[in-house]
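The following exercises are to be worked with the sequence and the three-dimensional model side by side. Please attempt each task before reading its solution.

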Amino acid sequence: MNKNKVRIQAVLYKNDAKDVIRSIESFIIAAKYSNTEIEFSYGDASPKPCINKETFEECEINSGISIEYNYFNENTGYGKGHNILADNANSEYILVTNPDIIVNESFFKFILDDAENQNVGMVEARQTPLEHPKLYNPKTYETSWCSGACTLIKTSIYKLVDGFDWQTFWMYCEDVDISWRIRLLGYKLLYQPKAIAFHPKHLSSTAGWEPTETEQIQSAKANLLMAYKWSNDVLLKRLIKQYKKNNDQYQISAIESFEDLKSSNNLPNRIKASAEITTFTEDYDYSLKRW
């Protein structure tokens, strides 16, 4: 394994080439600032290639940094796509990130300082302009889970837990699930507020996030699957009851999809863990909030 080397990997889906190149350039600047060895690996899950392979080749020549591009020829989703990309990783760390993330110059300095602790399994960067409100300890930086938008994972640990559970979580909660499975092994998860990742978002006129139809269905379905997989039957019953009461078409679709998995015996194996590992809040979230 190549010590201290970081593989930066992202799954593409109809992304604009200029956004991806801008992201690459920010990582290169950050790597030079902290003298960090990096490489890139991209998997394209779009209906057709969203970026010409030559674009990456030109960037690779200009930077002298390896940029791997794979066209999946299927919509893998987030988890499966990252698992494919990580399969041949020989770097010490994998940075799972969104393809349009832009990082600050001192990004690697802070995130790697934390990751070098042998008791740490994952380190999450702080997203901006919409920072996640989940709670973390301001002294130890410990948190209950790490967001897949921009998180550093030790490659050995990623492979030890078989990566993301893509067969269960196609969109949403795959990052919470892998976080908790890594915590089960005894590793700490950290949130590093000085490692900054600008994450572009499409906002409404009131500055709120506007989820798509698919995102709403998959979010509701992921909540049901998390409650089931992590053996919280009380929450599962409450979610189904609440979804039916809401009579929201997306939540009803999520229930139907869950029931289909149940009737076909395709639900995931269940995991029992203490409250020290898992966090289920009253507002159906996976961490207490700072605000």
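The exercises below treat helix packing, nonpolar cores, burial and unusual backbone geometry in turn.

The model is predicted: local features need pLDDT of at least 70, side-chain atom pairs count only at pLDDT 80 or more, and totals for chains, interfaces and linings use all residues. Residues are numbered from 1 along each chain as its sequence is written, and side-chain values use heavy atoms, with hydrogens and water left out.

**Exercise 1. Determine how helix 7 is oriented against helix 9, and which residues form the contact.**

Step 1. Locate the elements: helix 7 spans residues 213-229 and helix 9 spans residues 249-263. Helices (H or I, at least four residues) and strands (E, at least two) are DSSP runs, numbered from the N terminus.

Step 2. Consider the axes, which are lines fitted to C-alpha atoms, for helices over the stretch in contact, with angles running from 0 to 180 degrees between N-to-C directions. The axes of helix 7 and helix 9 come within 8 Å and cross at roughly 45°. Helix 7 is therefore oblique to helix 9. Angles under 35 degrees count as roughly parallel, over 145 as roughly antiparallel, 65 to 115 as roughly perpendicular and the rest as oblique.

Step 3. List the contact, where contact means heavy atoms within 4.5 Å. Helix 7 contributes E213, Q216, I217, A220, K221, L224, L225 and Y228, while helix 9 contributes Y250, Q251, S253, A254, I255, S257, F258 and L261.

Step 4. Sort these residues by class: ten are nonpolar, four polar and two charged. Here Ala, Val, Leu, Ile, Met, Phe, Trp, Tyr, Cys and Pro count as nonpolar, Asp, Glu, Lys and Arg as charged, and the others, Gly among them, as polar.

**Exercise 2. Repeat the analysis for helix 7 and helix 8.**

Step 1. The two axes come within 8 Å and cross at roughly 155°. Helix 7 and helix 8 are therefore roughly antiparallel.

Step 2. On helix 7 the contact involves A220, N223, L224, A227 and Y228, and on helix 8 it involves L235, L236, L239, I240 and Y243.

Step 3. By class, this contact has nine nonpolar residues, one polar and no charged.

**Exercise 3. Identify which residues touch the most other members of the largest nonpolar core.**

Step 1. Fix the terms. A nonpolar core is a set of buried Ala, Val, Leu, Ile, Met, Phe, Trp, Tyr and Cys residues joined through side-chain atoms within 4.5 Å. Buried means under 20% relative accessible area, exposed over 50%, and partly exposed in between (1.4 Å probe, protein chains only).

Step 2. The largest core has 37 residues, and F107 and F108 touch the most other members. Helix 1 (residues 17-34) gives the most to this core, with seven residues.

Step 3. Beyond residues up to four places away in sequence, F107 touches F27, A30, L95, A125, C150, A195 and I196.

Step 4. A second, separate core of 25 residues includes F169, C173, W230 and L239.

**Exercise 4. Describe the surroundings of C173 and S179.**

Step 1. C173 is in the loop between helix 5 (155-160) and helix 6 (174-184). With 9% relative accessibility, C173 counts as buried.

Step 2. Apart from neighbours within four places in sequence, C173 contacts A222, N223, M226 and Y286. The C-alpha atoms of C173 and Y286 are 9.3 Å apart, although 113 residues separate them along the chain.

Step 3. S179 belongs to helix 6 and is buried, with a relative accessible area of 0%. Its contacts, again leaving aside neighbours within four places in sequence, are M122, S144, W145, C146 and L189.

**Exercise 5. Is helix 3 largely enclosed or open?**

Step 1. The buried residues of helix 3 are G77, Y78, G79, K80, G81, H82, N83, L85 and A86.

Step 2. Nine of the ten residues of helix 3 are buried, so this helix is largely enclosed by the rest of the structure.

**Exercise 6. Find the residues with unusual backbone geometry in the loops named here.**

Step 1. The peptide bond from T128 to P129 is cis, with omega near 10°. P129 lies in the loop between strand 6 (120-128) and strand 7 (150-154).

Step 2. N73, which is not a glycine, has a positive phi of about 65°. N73 sits in the loop between strand 3 (67-71) and helix 3 (77-86) and counts as exposed at 60% relative accessibility.

Step 3. N247, also not a glycine, has a positive phi of about 55°. N247 lies in the loop between helix 8 (233-246) and helix 9, and is exposed at 62% relative accessibility.
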